[in-house]
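Thanks for sending this one over. Here are my notes, in the order in which I would look at things on screen.

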Amino acid sequence: MLRVVQCWDDGVEDDLRLIEILRRHRATATFNLNPGLHDATRGHGWSFRGLKQVRRLARDELVSAYAGFTIANHTVTHPRPLDIPLEQWRREVEDGRKQLQDLFGQPILGFAYPFGTNDEATADVVRAAGHIYGRTTGKATPCLPAADLARWAPDCHFLAPDFWERLAAAKASPAGVFYFWGHSYELVTEEDWAAFDAKLARLAADPDMRWAELTDVVSGL
Ligand SMILES: [Zn+2]
């Protein structure tokens, strides 16, 4: 039985629509958040490739928006890990975890590197802060076994052209785990949203798979 895990970064408005789709397909997921970037109103926005304006959710709507899903740490303010002093990185990692635990009232065990970059020293900080894994943006099929869970590459991005081939490879692997990730704001057009909905429907209809929690998968290793 293939266990399928997924995670989504940055805590943006489009997560609300994504969550509707996830709920419809009874999918579990982890959301990687930056507690320092949510204000009283939606903001901290940017343009996604000139195609759409992206905004982060307001602080007061986070707990209800992500009810029923798992939260993981994405640092306080989303710095580039290798571009700041290690002590500053440590504060970003430790304070991010603490702030999210306080806000959501759940243990924060997962971590995702902003921009995906890392090295041994930044990964040591992630591990020491109490995280059981640190997700990168690299690719590895199968995602398990991982050489170092503090620098863990998923199978692929959700828009990877070889998504189904990677899933098939994960299915054939001893660990039997398929891990994809992404940002909901990468869904731009109605066709994009429909394609994502169809992708989840195809996954959910597969009798040889089940949705799983990242923390359960890692804890069971
Ligand atoms: Zn991010």
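The numbered points below go through the metal site, some buried strand residues, two helix pairs and a few backbone details.

1. **Status of the model.** Please keep in mind that this is a predicted model. Local features are discussed at pLDDT of at least 70, while side-chain atom pairs count only at pLDDT 80 or more.

2. **The zinc site.** Which residues hold the zinc ion? The zinc ion is coordinated by Asp-10 through OD and by His-74 and His-78 through NE2, at 2.0 to 2.1 Å. Along the chain, the donors follow the spacing D-x63-H-x3-H. Asp-10 and His-74 come from distant parts of the chain, 64 residues apart. Asp-10 sits in the loop between β1 (2-9) and α1 (14-24), and His-74 sits in the loop between β5 (70-73) and α3 (86-104). Both Asp-10 and His-74 are buried. If you set up charges for the metal, these are the donor atoms to have in view.

3. **Leu-33, beside the zinc donors.** Leu-33 belongs to strand β2 (residues 30-33). Its relative accessibility is 0%, so Leu-33 counts as buried. Beyond its neighbours within four places in sequence, the contacts of Leu-33 include Asp-10 and His-74, both of which coordinate the zinc ion. Gly-11, Tyr-66, Ile-71, Ala-72, Asn-73, Thr-75, Leu-100 and Phe-104 are also among the contacts of Leu-33. Val-12 is 21 residues from Leu-33 in sequence, and their C-alpha atoms are 9.1 Å apart.

4. **Thr-30, in the strand that also holds Leu-33.** Thr-30 is placed in strand β2. Is Thr-30 buried or exposed? Thr-30 counts as buried because its relative accessibility is 2%. Leaving aside neighbours within four places in sequence, Thr-30 is in contact with Gln-6, Cys-7 and Trp-8, with Thr-70, Ile-71 and Ala-72, and with Tyr-133, Glu-213 and Leu-214. Ile-71 and Ala-72 appear among the contacts of Leu-33 and among those of Thr-30.

5. **His-157.** This histidine is found in strand β8 (residues 156-157). With a relative accessible area of 16%, His-157 is buried, since the cut-off for buried is under 20%. Not counting residues up to four places away in sequence, His-157 touches Phe-163, Trp-181, Gly-182 and Glu-186. Cys-7 lies 150 residues from His-157 along the chain, with a C-alpha separation of 9.8 Å.

6. **Helices α5 and α6.** Helix α5 (residues 163-172) packs with helix α6 (residues 190-204) at an angle of about 20°, and their axes are 13 Å apart. That angle makes α5 roughly parallel to α6, because angles under 35 degrees count as roughly parallel. The crossing is right-handed. Phe-163, Trp-164 and Leu-167 of α5 make the contact with Lys-199, Arg-202 and Leu-203 of α6. By class, the contact has four nonpolar, no polar and two charged residues. Phe-163 is worth a second look, as it also touches His-157.

7. **Helices α3 and α4.** What angle do α3 and α4 make where they pack? The angle between α3 and helix α4 (residues 120-128) is about 35°, with their axes 9 Å apart. Here too the crossing is right-handed. On the α3 side, Leu-86, Trp-89, Arg-90 and Val-93 meet Ala-121, Thr-122, Val-125 and Val-126 of α4. The classes in this contact are six nonpolar, one polar and one charged.

8. **Backbone points to check.** Most residues other than glycine have a negative phi, and most peptide bonds are trans. The bond from Thr-141 to Pro-142 is cis, with omega near 0°, and so is the bond from Leu-144 to Pro-145, with omega near 0°. Pro-142 lies in the loop between β7 (133-135) and β8, and Pro-145 is placed in the loop between β7 and β8 as well. Arg-26, in the loop between α1 and β2, has a positive phi near 55°. At 72% relative accessibility, Arg-26 counts as exposed. Phe-115 has a positive phi near 65° and is found in the loop between β6 (110-112) and α4. With a relative accessible area of 39%, Phe-115 is partly exposed.

How values were computed: Residues are numbered from 1 along each chain as its sequence is written. Side-chain values use heavy atoms; hydrogens and water are left out. Axes are lines fitted to C-alpha atoms, for helices over the stretch in contact, and angles run from 0 to 180 degrees between N-to-C directions. Helices (H or I, at least four residues) and strands (E, at least two) are DSSP runs, numbered from the N terminus. Angles under 35 degrees count as roughly parallel, over 145 as roughly antiparallel, 65 to 115 as roughly perpendicular and the rest as oblique. A crossing is left-handed if the near helix is turned anticlockwise from the far one by less than a right angle, and right-handed if clockwise. Contact means heavy atoms within 4.5 Å. Ala, Val, Leu, Ile, Met, Phe, Trp, Tyr, Cys and Pro count as nonpolar, Asp, Glu, Lys and Arg as charged, and the others, Gly among them, as polar. Donors are N, O and S atoms within 2.8 Å of the metal (3.2 Å for Na, K and Ca); water is not among the atoms, so sites may look incomplete. Buried means under 20% relative accessible area, exposed over 50%, partly exposed in between (1.4 Å probe, protein chains only).
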